[in-house]
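Visitor: I'm new to this one and would like to walk through it slowly. Could you put it up, please?

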Amino acid sequence: MESRLKAVIFDLDGVITDTATYHYRAWKQLADELGIYFDEKINERLKGIDRMTSLEIILERSPVQYTQEEKEALATKKNDLYKQLIQTMTPADVLPGALAVLQALKQRGILAGLASVSKNAFTVIDKLQIGQYFAYIADAAKITKGKPDPEIFLTVAANLGVAPQDCVGVEDAAAGIKAIKAAGMYGVGIGDPVMLKEADEVIPSLEQFDLERLLARFAS
Ligand code: BG6
Ligand code: MG
């Protein structure tokens, strides 16, 4: 059976590894220090969103106005906390199912790409020791428009040399699914079907990622 499916483009935080919880812990510590209310529900809006935009969302509840310089210092503080948290990561922190999917793609000759807006993505991939599975990893520093803009997914597809309609995107964030759909790709959501209602399908984790079924869906 011939399949048009040529590439699967993954988000990193919350899809390949559980760094979404580390981002939350670092933001929570900063928000607590600033006396700003912050919880897991507000945190949902931060998933897939770049560092400075995430800070702006947290500061919506701040009675204090911060200058741009102060905001940059706050973002750096959060990032320092986050970098400490990811220091201890090892290959054991790859989420269940992720390695099996990456291996299956390799075996099938389907390209894997990484579309994370995190400037720490290369460090995390190094810690997890899974760099060899990805034919292309986006450099977040070179992406001008974050998710839900499709730029990062389109950049990865272009660098893989694959048309967007021949790609599957995998995301745990609503903003990420919007980006995948805006790029014209098939979107697989990981997590809550209500939160990720714009996805073409939602599965609890990569353990349920069924490559053979997707290949059949893309049959030409
Ligand atoms: C995304 C996360 O992958 O990266 C966001 O979902 C995070 O929560 C963003 O804010 C940017 O990450 P970093 O590491 O550049 O601050
Ligand atoms: Mg994510």
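Guide: Let us begin with a serine, keeping in mind that this is a predicted model: the side chain of Ser-62 reaches the backbone oxygen of Val-64, and the distance between them is 2.8 Å.

Visitor: Where does Ser-62 lie?

Guide: Ser-62 belongs to the loop that runs between α3 (51-59) and α4 (68-86).

Visitor: And is Ser-62 buried or exposed?

Guide: Ser-62 has a relative accessible area of 11%, and because buried means under 20%, Ser-62 counts as buried.

Visitor: OK, new topic: the magnesium ion. Which protein donors does ligand 2 have?

Guide: The magnesium ion, ligand 2, has as its protein donors Asp-11 and Asp-172, each through OD, and Asp-13 through O, and they lie 2.1 Å from the ion. Along the chain, these donors follow the spacing D-x1-D-x158-D.

Visitor: Which parts does the pair Asp-11 and Asp-172 tie together?

Guide: Asp-11 sits in the loop between β1 (7-10) and α1 (19-34), while Asp-172 sits in the loop between β4 (167-171) and α8 (174-182), so this pair ties together parts that are 161 residues apart in sequence.

Visitor: Are those two, Asp-11 and Asp-172, buried or exposed?

Guide: Asp-11 is buried, and Asp-172 is buried as well.

Visitor: What about ligand 1, how many residues surround it?

Guide: Ligand 1 is surrounded by 14 residues, and the closest of them are Asp-13, Arg-51, Ser-118, Lys-119 and Asn-120.

Visitor: Which atom of Asp-13 lies 2.7 Å from an oxygen atom of ligand 1?

Guide: For Asp-13, it is a polar side-chain atom that lies 2.7 Å from an oxygen atom of ligand 1. Ile-49, by contrast, places a backbone N or O atom 2.7 Å from an oxygen atom of the ligand, and Ser-118 has a side-chain N or O atom 2.6 Å from an oxygen atom of ligand 1.

Visitor: How much of ligand 1's accessible area does the protein cover?

Guide: On its own, ligand 1 has 400 Å² of accessible area, and the protein covers 97% of this. The space that ligand 1 takes up is also the largest cavity.

Visitor: Last one, about Val-202: which strand is it found in?

Guide: Val-202 is found in strand β6, which comprises residues 201-203, and with a relative accessibility of 27% Val-202 counts as partly exposed. Its C-alpha atom is separated by 9.5 Å from that of Val-170, although the two residues are 32 residues apart along the chain.

Technical notes:
Residues are numbered from 1 along each chain as its sequence is written. Chains are lettered from A and ligands numbered from 1 in the order in which they are written. This is a predicted model: local features need pLDDT of at least 70, side-chain atom pairs count only at pLDDT 80 or more; totals for chains, interfaces and linings use all residues. Side-chain values use heavy atoms; hydrogens and water are left out. Donors are N, O and S atoms within 2.8 Å of the metal (3.2 Å for Na, K and Ca); water is not among the atoms, so sites may look incomplete. Helices (H or I, at least four residues) and strands (E, at least two) are DSSP runs, numbered from the N terminus. Buried means under 20% relative accessible area, exposed over 50%, partly exposed in between (1.4 Å probe, protein chains only). A polar contact is a pair of N or O atoms within 3.5 Å; within protein, one must be able to donate a hydrogen and the other to accept it, and residues adjacent in sequence count only if both atoms are side-chain atoms. A residue is near a molecule or strand if one of its heavy atoms lies within 4 Å of it. Accessible areas come from the Shrake-Rupley method with a 1.4 Å probe; for residues, only the protein chains shown count as cover. On a 1 Å grid over the protein atoms alone, a cavity is a set of points where a 1.4 Å probe fits but cannot get out, and a pocket is an open set with protein on both sides within 12 Å along at least five of seven lines; lining residues have an atom within 4 Å of a point. A molecule sits in a cavity or pocket if more than half of its atoms lie within 2 Å of its grid points.
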